[in-house]
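Hello,

Here is the structure I promised to pass on to you. Have a look at it first, and then read on for what turned up in it.

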Amino acid sequence: MKKLKYFAFAVLPVAMSAAFGQARAQEGAPTLTAEEKAQAKKIYFERCAGCHGVLRKGATGKNLEPHWTKKLPDGSTQEGGTLKLGQERLEKIISYGTEGGMVNFDDILTKDEIKLMAKYIQTTPDVPPEYSLKETMDSWKLIVPVDQRPKKQMNNFNLKNMFSVTLRDTGEVALIDGDTKEIRSIVKTGYAVHISRLSASGRYVYVIGRDGRLSLIDLWMEKPGVVAEVKVGFDARSVDTSKFKGFEDKYAVAGSYWPPQYVIMEGETLKPLKIVSTRGMTVDGEYHPEPRVASIVSSQIKPEWVINVKETGQILLVDYSDIKNLKTTTIEAAKFLHDGGWDMTQRYFLVAANASNKIAAVDTKEGKLAALIDVKKIPHPGRGANFVHPQFGPVWTTGHLGADVLTLIGTPNPKYPQYKGNAWKVVQEVKHIGSGNLFVKTHPKSTHLWADAPQNPEREIAESVAVYDIKDLSKPPVVLNVAKDSGLPETKAIRRAVHPEYSADGAEVWISLWGGKTDQSAIVVYDDKTLKVKKVITDPKMITPTGKFNVYNTQHDIY
Ligand code: DHE
């Protein structure tokens with residue numbers, strides 16, 4: 001009885017104050033009908049959650065909680081020095097974007113939708129449900145069991161040079177033969193597919209959708225198709241496999257934005273085995289309820305995954321050699337970890353802490369942070385680009401969303417001891433054609449560095465890529481207007497030239513021309529030596545192509 005009393009005493013005020021807090025947060029907030037709320041929720045998930053977070057606490061995008069999106073009940077816009085935004089200002093920001101990097105939505109959303117979204121973000125966000133191992137298991141579909149799959153490759157495609165291409169808005173990937181440029185298969189996957197990654201053997205492609213649907217494609221089938229599927233969460237971006245010797249194709253791991261956790265699965269069936277939450281303390285020592293899993297990469301030198309937790313800024317080295325007794329090294333880096341890639345030796349992993357304007361370098365051999373390097377505004381490397389600079393030796397490169405600069409960082413490499421002193425220093429900043437860069441790429445057989453700028457507001461720049469000569473980076477780049485080179489008629493919407501990807505032999509570079517959902521899109525293939533167009537791959541089914549993943553290069557982390 002005593003206990004019960006204590007319990008009631010302890011809990012009631014918390015519940016009351018939560019209810020009071022909720023009521024206070026909703027005070028003066030616009031009211032929405034159930035239908036409007038459902039519509040706004042859907043738009044928020046599709047367009048906003050990636051940058052601002054489900055709980056709207058902010059990451060790459062600003063915090064969008066009502067304590068500052070909503071004006072005070074008396075209509076005033078200042079409280080203790082904090083500016084309150086209110087309906088009109090929010091509508092403007094959503095329509096036209098901001099200098100701080102918020103993109104404009106007036107070409108994507110209608111005026112009514114913009115009004116609705118401005119209202120919605122003044123209300124208190126709902127906390128979405130959790131997602132357990134049981135629910136993950138219930139979603140699991142083994143479409144073709146392992147013993148019923150081909151025992152050898154049943155098609156005559158050169159699998160090494162196959163490309164898995166994201167068709168963003170149709171929730172599909174196109175498997176395109178890199179030799180013939182023919183579409184071999186279009187495979188239904190999750191909503192707004194994000195990335196494809198390869199199994200260590202190169203046989204299986206893992207495709208993750210933003211809705212958390214993970215699809216496993218078997219390239220050995222006569223017509224490659226999905227052999228297993230599972231829903232790993234409600235909102236996801238990353239997946240990788242176990243690549244260390246002895247563990248090839250054994251495990252897969254996928255990270256979720258919501259709920260903030262990662263799922264370990266059997267590599268050949270996607271049967272869920274374990275879920276690990278990433279909730280916890282930030283590098284500043286504050287609790288965060290929504291630390292989303294950003295990039296995941298698989299080490300080739302240890303049975304380990306590098307799992308980057310966005311909001312906490314912690315990098316997890318997860319040893320998968322004994323998943324029942326999982327050992328994790330937690331490395332304190334910097335907040336808002338996003339995308340990254342290996343250095344040339346594949347010992348160091350470099351990841352952008354994008355809203356902190358830093359690159360964190362992890363020494364995976366020693367299991368510790370090697371360096372935190374200051375770079376320009378909002379670094380966004382994709383997986384970065386590695387090459388040997390004629391003056392500075394081995395470097396890894398990142399571009400930026402918020403600055404017209406490509407930054408070259410020196411990386412340690414025992415093959416080049418003379419450049420040891422350049423390790424983790426910014427050795428050169430190369431002027432890019434504009435800000436809004438998302439991806440850079442090169443290949444060990446190439447002397448070119450390719451960089452896009454799809455998020456630049458200027459059409460001419462967003463539709464182009466720049467090609468730099470690695471032998472002399474002081475020379476201005478060759479700028480290729482991919483939209484014009486495609487030969488397709490001009491469209492009202494900007495067709496963003498995005499994500500350069502090399503063929504397996506390093507002779508060609510493929511660029512997506514990412515048009516509107518109803519516009520004809522294409523992939524333009526360039527000869528890497530002459531920079532002439534070799535082929536424009538276009539098809540009515542090629543809708544909104546974005547990321548492209550060459551099997552061999554992705555399998556071996558070549559970039
Ligand atoms: Fe991506 C990689 C998250 C928007 C194309 N993107 C990644 C990774 C993360 C991420 C965490 C690293 C995965 C890994 O390596 O394991 N992306 C996000 C977002 O949160 C964001 C900003 C907003 C959102 O709502 O999703 C976002 N991304 C986009 C796009 O709009 C892009 C340009 C087009 C698209 O298809 O959606 C896009 N992201 C990509 C691509 C990669 C990627 C092509 C893989 C690059 C590579 O070469 O590995």
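A word on terms before we start: two strands count as paired if DSSP finds at least two bridges between them. With that in hand, look at Tyr526, whose bridge partner in β36 is Val533. Please keep in mind that this is a predicted model.

**The hairpin**

Tyr526 and Val533 are part of a pairing between strand β35 (residues 522-527) and strand β36 (residues 533-537), which is antiparallel and has four bridges. Together β35 and β36 make a hairpin, with five residues between the two strands. In the turn you will find Leu531, which has a positive phi of about 65°. As background, most residues other than glycine have a negative phi.

**Two open sheets**

Strands of a sheet pair through backbone hydrogen bonds, either parallel or antiparallel. One open sheet here has four strands in the order β6-β5-β4-β37, and its pairing is antiparallel. Its edge strands are β6 and β37 (545-550), each of which pairs on one side only. From one strand to the next, the twist averages 20°. To trace one pairing by eye, try strand β5 (residues 172-177), which is joined to β6 by five bridges and runs antiparallel to it. There, Val173 stands opposite Val187 in β6.

A second open sheet also has four strands, in the order β25-β26-β27-β28, with antiparallel pairing. In this sheet the edges are β25 (385-389) and β28 (426-431), and each pairs on one side only. Its neighbouring strands are turned by 30° against each other on average, direction ignored. Inside the sheet, strand β26 (residues 393-398) pairs with strand β27 (residues 405-410) in the antiparallel sense, over four bridges. Here Val395 is opposite Gly410 in β27.

**The iron atom and its loop**

Which residue is the only protein donor of the iron atom of the ligand? That is His194, through its NE2 atom, at 2.1 Å. His194 sits in the loop between β6 (183-188) and β7 (195-198). The loop between β6 and β7 also holds Ala192. Ala192 is a residue other than glycine with a positive phi, near 45°.

**A pair of helices**

Two packed helices are described by the angle between their axes and the distance between the axes. Helix α4 (residues 86-96) and helix α5 (residues 111-120) pack at an angle of about 125°, and their axes are 9 Å apart. Why are α4 and α5 called oblique to each other? Angles over 145 degrees count as roughly antiparallel and those from 65 to 115 as roughly perpendicular, and the angle of about 125° falls in neither range, so the two helices are oblique. The crossing of α4 past α5 is right-handed. On the α4 side, the contact involves Gln87, Leu90, Glu91, Ile94 and Ser95. These meet Ile114, Lys115, Met117, Ala118 and Lys119 in α5. The residues of this contact divide into five nonpolar, two polar and three charged.

**A cis peptide bond**

Finally, most peptide bonds are trans. The bond that joins Trp258 and Pro259 is cis, with omega about -15°. You can find Pro259 in the loop between β12 (251-258) and β13 (261-266).

Enjoy exploring it, and do write back with any questions.

Best wishes

Key. Residues are numbered from 1 along each chain as its sequence is written. This is a predicted model: local features need pLDDT of at least 70, side-chain atom pairs count only at pLDDT 80 or more; totals for chains, interfaces and linings use all residues. Side-chain values use heavy atoms; hydrogens and water are left out. Donors are N, O and S atoms within 2.8 Å of the metal (3.2 Å for Na, K and Ca); water is not among the atoms, so sites may look incomplete. Axes are lines fitted to C-alpha atoms, for helices over the stretch in contact, and angles run from 0 to 180 degrees between N-to-C directions. Angles under 35 degrees count as roughly parallel, over 145 as roughly antiparallel, 65 to 115 as roughly perpendicular and the rest as oblique. A crossing is left-handed if the near helix is turned anticlockwise from the far one by less than a right angle, and right-handed if clockwise. Contact means heavy atoms within 4.5 Å. Ala, Val, Leu, Ile, Met, Phe, Trp, Tyr, Cys and Pro count as nonpolar, Asp, Glu, Lys and Arg as charged, and the others, Gly among them, as polar.
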